[in-house]
Amino acid sequence: MHLRAQALVCAVRAHGETAAIARLLTAEYGLVAGYVAGGRGRNLRPVLIPGNVVDAELRARSDSQLPFARLELVASRGPWLNEPLPAAAITWACALTASALPERQPFPALHAALSALLDAACHAPSARGWLPGLIAFEGLVLRELGYGATPRPPGDADWPAQLAGFDTLGPLIERYALAERHGGVMGARAMLRERLARIS
């Protein structure tokens, strides 16, 4: 196995003393995991931030083996992780993607939607500018995984209506997209909801 593609970093976990396992979303190959030697070191730690765009090269002797990954940073979303609302949106969108999608199945529409959502979360002047996009992304995740139609995003609706639309999707995501996942994935969504509630 040998593939090279631009990818979005969706999740990273430590492996051993200095390495990391990264889960990357590509348009062509879907979600792929790779072993990153030195991933917890000073040089690669800023690269392995969820939401970052990287050039990824993955190699393995067989399709069943965890590939070794070489990553080069293309665009960093690290600066926005110091901002509470963009940070919470990036964390949740990436965690949902890494947890809900099966590996090595392409979802080009989800890749494009996640990329656009992350750009909006970083550059929109307020959460009002990207929350409808986040709701649309969550609905797209459910549809792409085969769970049928979901409520339409609120669009230009007022802020309480946008929050209500966000709240409507939470139980569906937990019940369907994350049904077989354990751990605190929904905790990232709860943190985002708590921060959204502070907007008047």
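How do the residues of the lining of the largest pocket divide into nonpolar, polar and charged, and what are the counts of each? In this predicted model, that lining comprises seven nonpolar, two polar and three charged residues. The space lying in the largest pocket amounts to about 230 Å³, and the residues around the pocket are Cys 10, Ala 11, Val 12, Arg 13, Ile 21, Arg 23, Ala 33, Pro 50, Thr 91, Ala 98, Ser 99 and Glu 103. At least two lining residues come from each of strand 1 (2-15), strand 2 (19-26) and helix 1 (84-100), and the most are given by strand 1, which contributes four.

The packing of the helices was examined next. Helix 2 (residues 108-123) packs with helix 3 at an angle of about 165 degrees, the two axes being 10 Å apart. Because angles over 145 degrees count as roughly antiparallel, helix 2 is roughly antiparallel to helix 3, and the crossing of this pair is left-handed. On the side of helix 2, Ala 109, Leu 110, Ala 113, Leu 114 and Leu 117 meet Gly 133, Leu 134, Phe 137, Leu 140, Val 141 and Glu 144 of helix 3. By class, this contact of helix 2 with helix 3 holds nine nonpolar residues, one polar residue and one charged residue.

Helix 3 (residues 131-144) also packs with helix 4 (residues 159-177), here at an angle of about 25 degrees and with the axes 10 Å apart; helix 3 and helix 4 are therefore roughly parallel to each other. The crossing of helix 3 and helix 4 is left-handed. Helix 3 enters the contact through Leu 131, Pro 132, Leu 134, Ile 135, Glu 138, Gly 139 and Leu 142, while helix 4 provides Trp 159, Gln 162, Leu 163, Gly 165, Phe 166, Leu 169, Leu 172, Ile 173, Tyr 176 and Ala 177. The contact of helix 3 with helix 4 comprises 13 nonpolar, three polar and one charged residues.

Helix 4 packs in addition with helix 5 (residues 185-196), at an angle of about 170 degrees and with the axes 12 Å apart, and helix 4 and helix 5 are therefore roughly antiparallel to each other. The residues of helix 4 that make this contact are Trp 159, Leu 163, Phe 166, Asp 167, Leu 169, Gly 170, Ile 173 and Glu 174, and those of helix 5 are Met 186, Arg 189, Leu 192, Arg 193 and Leu 196. Sorted by class, the contact of helix 4 with helix 5 consists of eight nonpolar, one polar and four charged residues. Among the helix 4 residues listed here, Trp 159, Leu 163, Phe 166, Leu 169 and Ile 173 also take part in the contact with helix 3.

How values were computed
Residues numbered from 1 in each chain as written. Predicted model: local features only at pLDDT ≥ 70, side-chain atom pairs only at ≥ 80, totals over all residues. Heavy atoms only, no water. 1 Å grid on protein atoms, 1.4 Å probe; cavity = no way out; pocket = protein on both sides within 12 Å on 5 of 7 lines; lining within 4 Å. Points joined across faces, edges and corners; volume = space filled by probe spheres on them. Nonpolar A, V, L, I, M, F, W, Y, C, P; charged D, E, K, R; others polar. Axes fitted to C-alpha atoms, helices over the stretch in contact; angles between N-to-C directions. Parallel < 35°, antiparallel > 145°, perpendicular 65-115°, else oblique. Left-handed = near helix turned anticlockwise from the far one by under 90°. Contact = heavy atoms within 4.5 Å.
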